[in-house]
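Reader: Hi! I have a new model open and would like to talk it through with you. Could you take a look with me?

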Amino acid sequence: MTAVSLGPSPARRDALARRIRLLVTATIGYNVVEAVVAITAGTIASSTALIGFGLDSVIEVSSAAAVAWQFSARDPAVREAREKRTLRIIAFSFFALALYVTVDSVRALTGTGEAGHSVPGIVLAGLSLAIMPFLSAAQRKAGREIGSASAVADSKQTLLCTYLSAVLLVGLLVNLLLGWTWADPVAALVISAIAVKEGRDAWQGRGCCAAPTWATPQAGADTHNCDCCS
């Protein structure tokens, strides 16, 4: 009886691993620049929203670096062994981001941390809004095909950065044009809730149909309700 392959061939897996390493490297490089620009512009404009956005970029770098470390191993077995630790790092990154955004939003809503006007911040948010979705989609696609929950989870971190870019852009524009300083922190609280959910999913190892080797599914568990299947 001929065996049927349920996943990509070894050559295809190697190609996908190289693609993920390239995408993660690009994500790290962009976020380093983004963090420096955002924190500098935020400090000049006294904008807590911009500074928070820059710190989110730092968190995104840590998440991407964790995936880069995992996929730096050439041996697929070693990469699988690193999966759980990588997911834990990504989960903590989500939780840290949610905590900071929540605290920063509450400060802004209570009048102790209003976002200032910043044209460089508006330009940066617009660029991130245009670039991040493509990086996220490409890594998510490769992660699904290779069956890596950590790669998919990191792509969600990048996608969350896209949401934050939109929140920052709208908040800075509304603040600049209409003077509504409360718009940014309210929207940011919604992003914080999303970050908590994604962090929980990463902690539980959800996000790919190909379960990590360290996770043993319970009998009767539904393996179809996952991102890799969609």
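Reader: Great, so what pattern does the chain follow, read along the sequence?

Author: Happy to help! This is a predicted model, and read along the sequence its chain follows the pattern α-α-α-α-α-α-α. That comes to seven helices and zero strands.

Reader: How much of the chain counts as buried?

Author: Of its 230 residues, 46% count as buried. The chain exposes about 11,100 Å², and carbon and sulfur atoms supply 68% of that area.

Reader: And what share of the contacts with a separation of 6 or more comes from residues 24 or more positions apart?

Author: Those residues account for 76% of such contacts in the chain.

Reader: Which residues does UniProt list for "transmembrane region"?

Author: The unreviewed UniProt entry lists residues 22-44, 50-73, 85-103, 115-138 and 159-183 under that name. In the model, residues 22-44 are 100% helix and 0% strand, and the C-alpha atoms at the two ends are 33 Å apart. For residues 159-183 the span is 80% helix and 0% strand, with the end C-alpha atoms 21 Å apart.

Reader: Let's go to Asn31. Where is it found, and is it buried or exposed?

Author: Asn31 is found in helix H1, which covers residues 10-45. Asn31 counts as buried because its relative accessible area is 0%, and the cut-off for buried is under 20%.

Reader: What is Asn31 in contact with, leaving aside its neighbours within four places in sequence?

Author: Its partners are Ser57, Glu60, Val61, Met132 and Cys161.

Reader: What about Arg21, which residues does that one touch?

Author: Arg21 is in helix H1 too. Not counting residues up to four places away in sequence, Arg21 touches Phe71, Ser72 and Arg74. You can also check Arg21 against Ala68: they are 47 residues apart in sequence, and their C-alpha atoms are 5.8 Å apart in space.

Reader: On to charges. How many salt bridges does a search of the whole structure find?

Author: The search finds one salt bridge. In it the side chains of Glu145 and Arg12 meet, at 2.7 Å from N to O. The pair links distant parts of the chain, with Glu145 in helix H5 (residues 119-146) and Arg12 in helix H1, 133 residues apart.

Reader: Why can side chains like that pair at all?

Author: Side chains of opposite charge can pair when their charged atoms come close.

Reader: Are those two side chains buried or exposed?

Author: Something in between! Glu145 is partly exposed, with a relative accessible area of 32%, and Arg12 is partly exposed at 31%.

Reader: While we're on H5, where does Lys141 fit in, and is Lys141 buried or exposed?

Author: Lys141 has its place in helix H5. At 58% relative accessibility, Lys141 counts as exposed, because the cut-off for that label is over 50%. The C-alpha atoms of Lys141 and Val152 are separated by 8.0 Å, with their positions 11 residues apart along the chain.

Reader: Switching to rings: how many aromatic pairs does the count come to?

Author: The count comes to one aromatic pair. Phe92 and Trp203 form it in an edge-to-face arrangement, 5.4 Å centre to centre and with 85° between the planes. The pair links distant parts of the chain: Phe92 belongs to helix H4 and Trp203 to helix H7, 111 residues apart.

Reader: Why is that pair called edge-to-face?

Author: Because the angle between the planes is 85°, and over 60 degrees counts as edge-to-face. As for cover, Phe92 is exposed, with a relative accessible area of 51%, while Trp203 is partly exposed at 36%.

Reader: Last topic, the nonpolar patch on the surface. Which residues form it?

Author: The patch is formed by Val106, Leu109, Leu173, Leu176, Leu177, Leu178, Trp180, Trp182, Val186 and Leu189, and together they have about 930 Å² of accessible area.

Reader: Which helices each supply at least two of its residues, and which gives the most?

Author: Helices H4 (83-109), H6 (149-177) and H7 (183-203) each supply at least two. H6 gives the most, with three residues. Leu173 has its place in helix H6, and Leu173 is partly exposed, with a relative accessible area of 33%.

Reader: Lovely, thanks for walking me through it!

Conventions:
Residues numbered from 1 in each chain as written. Predicted model: local features only at pLDDT ≥ 70, side-chain atom pairs only at ≥ 80, totals over all residues. Heavy atoms only, no water. UniProt positions renumbered as here; feature names shortened; annotations may be inferred. Helix = DSSP H or I, 4+ residues; strand = E, 2+ residues; numbered from the N terminus. Patch = residues over 30% accessible without salt bridge, like charges linked within 9 Å, V, L, I, M, F, W, Y side chains within 5 Å. Areas by Shrake-Rupley, 256 points an atom, 1.4 Å probe, with all protein chains shown as cover. Salt bridge = Lys/Arg side-chain N within 4 Å of Asp/Glu carboxyl O. Buried < 20%, exposed > 50% of the residue type's maximum accessible area, 1.4 Å probe, protein only. Contact = heavy atoms within 4.5 Å. Phe/Tyr/Trp six-rings, centres within 6.5 Å; stacked < 30°, edge-to-face > 60°.
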